[in-house]
Amino acid sequence: MAKVRVRNTNELIEGEDNVRSFLDKQGVLYEHWNPTKLPERLQENFELSADDKSEILSTFDAEIRDLASRRGYKTWDIVVLSESTPNIEELLKKFEQIHTHTEDEVRAITAGEGIFIIRGDEATGYFDVILTAGDVISVPEGSVHFFTLTESKKVVAVRLFIETEGWIAHPYEDPAFVK
Ligand SMILES: [Fe+2]
């Protein structure tokens, strides 16, 4: 289940309702899908064939279509990152640059873990959203953020888009951000 850590205060927010209400105030959509709907061999598996990826998408078809219809997302796919991903270190360096997009960045984690670092309102500043299997997040259009992996360096996620071009990252310089 997702957790939030507010960087300025080190406050840790846990529990589905607390996380949802914090993120809602920051304009970030948070939902939860049941990750145990996946057959066991696809839970915490990071070596996925094309058929495995299709099976993950069909397992969550109802959830994907429900979210897509509410939010206007039109296409979706599966992304897998692990230490066996070619150039994973380079990719992570690229991910860890602060940026914005011209549409929502939507991820539903189906295995592993990921972290979104998001700039909240002025009083809150940056916060980390630590996501595990079942967590669904939509980082709103124009929101200043970046994504990274946890120490385990493994994630499988469904990505939803309005159009894939919307995912292009626009770098954002923030001298106030401290890693
Ligand atoms: Fe992004």
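In this predicted model, V4 of strand β1 stands opposite I13 in β2. The two strands run antiparallel and are joined by two bridges. Together β1 and β2 form a hairpin, with five residues between them. Within that turn, N10 is worth a glance on screen, as it has a positive phi of about 65°.

Strand β1 also has a second partner. Four bridges join it to β7, and this pair, too, runs antiparallel. Readers who wish to find the register can start from K3, whose bridge partner in β7 is I130.

Helix α1, spanning residues 16-25, comes next. Its buried residues are V19, F22 and L23. Viewed down the helix axis, the buried residues of α1 fall within an arc of 95°, so they line one face of the helix. The other side of α1 carries the exposed residues D17, S21, D24 and K25. As for what the buried face meets, the buried residues of α1 pack against four strands: β1 (3-6), β2 (12-13), β3 (29-32) and β7 (126-132). Both partners in the hairpin described above, β1 and β2, are thus on this list. Just after the helix, G27 takes a positive phi of about 80°.

Beyond G27, the chain offers a handy viewpoint on the helix packing at Y30, which lies in strand β3. Y30 has 20 other C-beta atoms within 10 Å, and because the threshold for a buried residue is 20 or more, Y30 counts as buried. Setting aside neighbours within four places in sequence, the contacts of Y30 include V19, R20 and L23. Of these, V19 and L23 are among the buried residues of α1. The remaining contacts of Y30 are A2, V136 and I137. I56, by comparison, is 26 residues from Y30 in sequence, and their C-alpha atoms are 20 Å apart in space.

A contrasting setting is found at T150, in the loop between β9 (145-148) and β10 (155-161). Here 14 other C-beta atoms lie within 10 Å, and T150 is partly exposed, because this class covers the counts between 12 or fewer (exposed) and 20 or more (buried). Not counting residues up to four places away in sequence, T150 touches E113 and I115. The C-alpha atoms of T150 and I78 are separated by 19 Å, with the two residues 72 apart along the chain.

Conventions: Residues numbered from 1 in each chain as written. Predicted model: local features only at pLDDT ≥ 70, side-chain atom pairs only at ≥ 80, totals over all residues. Arc of directions from axis to C-beta. Contact = placed C-beta atoms within 7 Å. Pairing = 2+ DSSP bridges.
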